[in-house]
Amino acid sequence: MNDRPRGRRLAPPPEKTSPEINLDVRAQSRRWHELGKLPGLRALLNEALEAGIAVAPRKPMPGAELSLLLTDDKRIRIVNRDWRGFDKATNVLSFPAAPPERIAQSPLLGDIVIAYETVLREAEAESKSVTDHLRHLAIHGLLHLLGEDHETEAEARRMEALEIDALARLGVADPYAGAELVTAPVPSSA
C-alpha cells in the first residue's frame, strides 16, 4: 500500500480562441457529456464567443481570459442565491471582471456559468436545438461581460439585436422571433 498523497492534476491552460480571448471551459456536471465530448463543446462555444465579440461594441483586451463553467441546476441555484440573492436555478449567469469602461484594459474578462437542465428545458419548450440554445446563452453571457444589459426596453432591444446578429453569423435563427423582450419594459414615471 502506498500512503503517499496523490498528486493533483493541473488544469489545462486556457485555450486560445481568437486574438481577443483565451477560453477556459470546465464541465462541473457530467450531464454535459450527453451533448458530446468536451472538446466538441469547447469548439462550439469558441465559435459562439467569436461571433459575439465580432458584433460587440466594446472589445476585450487582446488575450483576455474568460472562464466558462458548464454546471447543473442544483449548483447554479446556489451561485444565483449566494451572489445575486435569487434562490432559484437560471440558465446563464455572468460575472464581469471589469466595469464596461475598463474592459479593453482588463486581462480578465470574467466568468460565465450555464446550467444543463435549464438549457435543455428551455430548448425543448422553445423548439430549438440544444446546441443553438447553448450558443445563444454563451453569446448572451459574453455580452453581459462586455457591458451590455437588458434592464430597460432600449437596452433589451439593443442586446437582442446584437445576439441576433451574432447568431446569424453562425447560421442560427433569430431566437426572439415572435417572442417578448428579455425583460419587461420599465414603466416611465409620470
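These exercises walk through helices, aromatic pairs, a nonpolar core and two loop residues.

The structure is a predicted model: local features need pLDDT of at least 70, side-chain atom pairs count only at pLDDT 80 or more, and totals for chains, interfaces and linings use all residues. Residues are numbered from 1 along each chain as its sequence is written, and side-chain values use heavy atoms, with hydrogens and water left out.

**Exercise 1. Describe helix H5 and work out which of its residues are buried.**

Step 1. Fix the element. Helices (H or I, at least four residues) and strands (E, at least two) are DSSP runs, numbered from the N terminus. H5 covers residues 153-169, 17 residues in total.

Step 2. Check the length. The expected span is 1.5 Å times one less than the number of residues. H5 reaches 24 Å from first C-alpha to last, close to the expected 24 Å.

Step 3. Sort by accessibility. Buried means under 20% relative accessible area, exposed over 50%, and partly exposed in between (1.4 Å probe, protein chains only). The buried residues of H5 are Ala156, Met159, Glu160, Leu162, Glu163, Ala166 and Leu167.

Step 4. Find the side. Those residues cover an arc of only 160° around the axis, which puts them on the same side of H5. The arc is that of the directions from the helix axis to the C-beta atoms. Ala154 and Arg169 are exposed on the other side of H5.

Step 5. Find the cover. Contact means heavy atoms within 4.5 Å. Helix H1 (38-55) and helix H4 (130-145) are among what covers the buried residues of H5.

Step 6. Look past the end. Gly171 follows H5 and has a positive phi, near 80°.

**Exercise 2. Work out how many aromatic pairs there are, and place each one.**

Step 1. Apply the rule. Rings of Phe, Tyr and Trp (its six-membered ring) pair if their centres lie within 6.5 Å; planes under 30 degrees apart count as stacked, over 60 as edge-to-face and the rest as tilted. The count is two aromatic pairs.

Step 2. Take Trp32 and Tyr116. Their ring centres are 5.1 Å apart and their planes stand at 80°, so this pair is edge-to-face. Trp32 lies in the loop between strand S2 (21-27) and H1, and Tyr116 in helix H3 (residues 116-125), so the pair ties together parts 84 residues apart in sequence. Trp32 is buried at 0% relative accessibility. Tyr116 is buried too, at 2%.

Step 3. Take Trp83 and Phe95. This pair is edge-to-face, with 6.2 Å centre to centre and 70° between the planes. Trp83 lies in helix H2 (residues 73-84) and Phe95 in strand S4 (residues 92-96), so the pair ties together parts twelve residues apart in sequence. Trp83 is exposed at 67% relative accessible area. Phe95 is partly exposed at 22%.

**Exercise 3. Work out which sides of H3 are buried and exposed, and what the buried residues pack against.**

Step 1. List the buried residues: Tyr116, Thr118, Val119 and Ala123. They cover an arc of only 165° around the axis, which puts them on the same side of H3.

Step 2. Turn to the opposite face. Exposed Glu124 and Ala125 sit there, away from the buried side of H3.

Step 3. Name the partners. The buried residues of H3 pack against strand S3 (64-71), H2, strand S5 (108-115) and H4.

Step 4. Go just past H3. Ser127 has a positive phi of about 55° although it is not a glycine. Ser127 is in the loop between H3 and H4 and is exposed at 71% relative accessibility.

**Exercise 4. Work out which elements build the largest nonpolar core.**

Step 1. Define the core. A nonpolar core is a set of buried Ala, Val, Leu, Ile, Met, Phe, Trp, Tyr and Cys residues joined through side-chain atoms within 4.5 Å.

Step 2. Find its hubs. The largest core has 39 residues, and Leu66, Leu68, Leu70, Leu109 and Ile114 touch the most other members.

Step 3. Assign the elements. S2, H1, S3, S5, H3, H4 and H5 each supply at least two residues of this core. H1 gives the largest share, nine residues.

Step 4. Zoom in on Leu70. Beyond neighbours within four places in sequence, its contacts include Val25, Trp32, Leu45, Ile114 and Leu134.

**Exercise 5. Place Glu148 and list its contacts.**

Step 1. Glu148 is in the loop between H4 and H5.

Step 2. Glu148 is buried, with a relative accessible area of 6%.

Step 3. Leaving aside neighbours within four places in sequence, Glu148 contacts Pro57, Arg58, Leu143, Arg158, Met159 and Leu162.
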